[in-house]
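Open your viewer and keep the selection tool handy. We will move from the whole chain to single side chains, one stop at a time.

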Amino acid sequence: MSRPVASDVEFDETDLALLEQVEGDFDVSLETLSDRLELSKSAVHYRLNKLKDSGVITGVTADLDPLAFGLDMVALTEVTVDHTEGYSETVGERLDAVEGVERVYYTMGDVDFVAVVRVQNRDQMNDVIDDIVAIDAVDQTSSRFVLDEIGGDAGVVGNVRDEATDALLDREG
């Protein structure tokens, strides 16, 4: 279940500035990035490719508004499971495959997983919960329904604190 960490990637301030720009809008043109960062278009292109090749940029996607599709019912479902060998991967993958599950987090504490569920109505929510409970090793679930979604636009780079930025840039603190 663990993903590779790009800890061996060397960043500089320009990389972080570039990432902040494209994280907010990957559709921004090379010319605009070039102007904003005061770099040539070829330098921006080279840096973007380097960040893709190193796994820092994992893909290019379109941000779709789930509300445009009527997916306005959201629940955070906590899942507790039997701890058998390899459960974190097998159960995590099965949870992720359930239709209506948007994201799965393997957690530490009183619950083993938290699934973000997004559906159109209560019948679909019931189906998702039934599918989760039907997974071997799942002991129990508990859901919290989201009344409103607030924020979430800071992005990854926007959430990196100064100390972490210093560490990324390998500066003396």
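The tour below starts with the overall fold and then visits cores, salt bridges and a few single residues.

**The whole chain**

Keep in mind that this is a predicted model. Show the cartoon first: the protein chain has seven helices and four strands, and along the sequence they come in the order α-α-α-β-α-β-β-α-β-α-α. Now switch on the surface. Its accessible area comes to about 12200 Å², with 46% belonging to carbon and sulfur atoms. Of the 173 residues in the protein chain, 27% are buried. If you draw a contact map, look away from the diagonal: among contacts between residues at least 6 apart in sequence, 67% join residues at least 24 apart.

**The largest core**

Next, select Leu95, Val101, Phe113 and Val117. These are the residues with the most contacts inside the largest nonpolar core, which has 18 residues. Colour by element of secondary structure and you can see where the core comes from: β1 (73-81), α4 (87-97), β2 (101-106), β3 (113-119) and α5 each supply at least two residues. Which strand gives the most to this core? That is β3, with four residues. As background, nonpolar side chains in soluble globular proteins tend to be buried together.

Stay with Val101 and display its surroundings. Leaving out residues up to four places away in sequence, Val101 touches Leu95, Asp96, Ala115, Val116, Val117, Val128 and Ile132. There is also a second, separate core of 15 residues, and Val9, Leu18, Val22 and Leu169 are among its members.

**A salt-bridge network**

The structure holds six salt bridges. Select Arg47 and Asp15 to see one of them, where the closest N and O atoms are 2.7 Å apart. Arg47 lies in helix α3 (residues 41-53) and Asp15 in helix α1 (residues 13-24), so this pair ties together parts that are 32 residues apart in sequence. Both Arg47 and Asp15 are buried.

Add Lys50 to the selection. Its side chain meets that of Asp15 in a salt bridge as well, at 3.5 Å from N to O. Lys50 is in helix α3 and Asp15 in helix α1, so here the parts tied together are 35 residues apart in sequence. Is each of these two partners buried or partly exposed? Asp15 has a relative accessible area of 1%, so it counts as buried, whereas Lys50, at 31%, is partly exposed.

**A bridge between strands**

Jump to Glu78 and Arg144, whose salt bridge has its closest N and O atoms 3.6 Å apart. Glu78 sits in strand β1 and Arg144 in strand β4 (residues 138-145), and the pair links distant parts of the chain, 66 residues apart. Glu78 is partly exposed at 23% relative accessible area, and Arg144 is partly exposed at 44%. Before leaving this topic, select Asp12, Asp15, Arg47 and Lys50 together: salt bridges that share partners join them into one network.

**Two last stops**

Find Ser34 in helix α2 (residues 30-37). Ser34 has 11% relative accessibility, which is under the 20% cut-off, so it counts as buried. Beyond its neighbours within four places in sequence, Ser34 is in contact with Leu39, Ser40, Lys41 and Val44.

Finish at Asp130, in helix α5 (residues 122-133). Asp130 is exposed, with a relative accessible area of 52%. Try a distance from its C-alpha to that of Val98: the two are 10.0 Å apart in space and 32 residues apart in sequence.

How values were computed. Residues numbered from 1 in each chain as written. Predicted model: local features only at pLDDT ≥ 70, side-chain atom pairs only at ≥ 80, totals over all residues. Heavy atoms only, no water. Buried < 20%, exposed > 50% of the residue type's maximum accessible area, 1.4 Å probe, protein only. Core = buried A, V, L, I, M, F, W, Y, C linked by side-chain atoms within 4.5 Å. Contact = heavy atoms within 4.5 Å. Areas by Shrake-Rupley, 256 points an atom, 1.4 Å probe, with all protein chains shown as cover. Salt bridge = Lys/Arg side-chain N within 4 Å of Asp/Glu carboxyl O.
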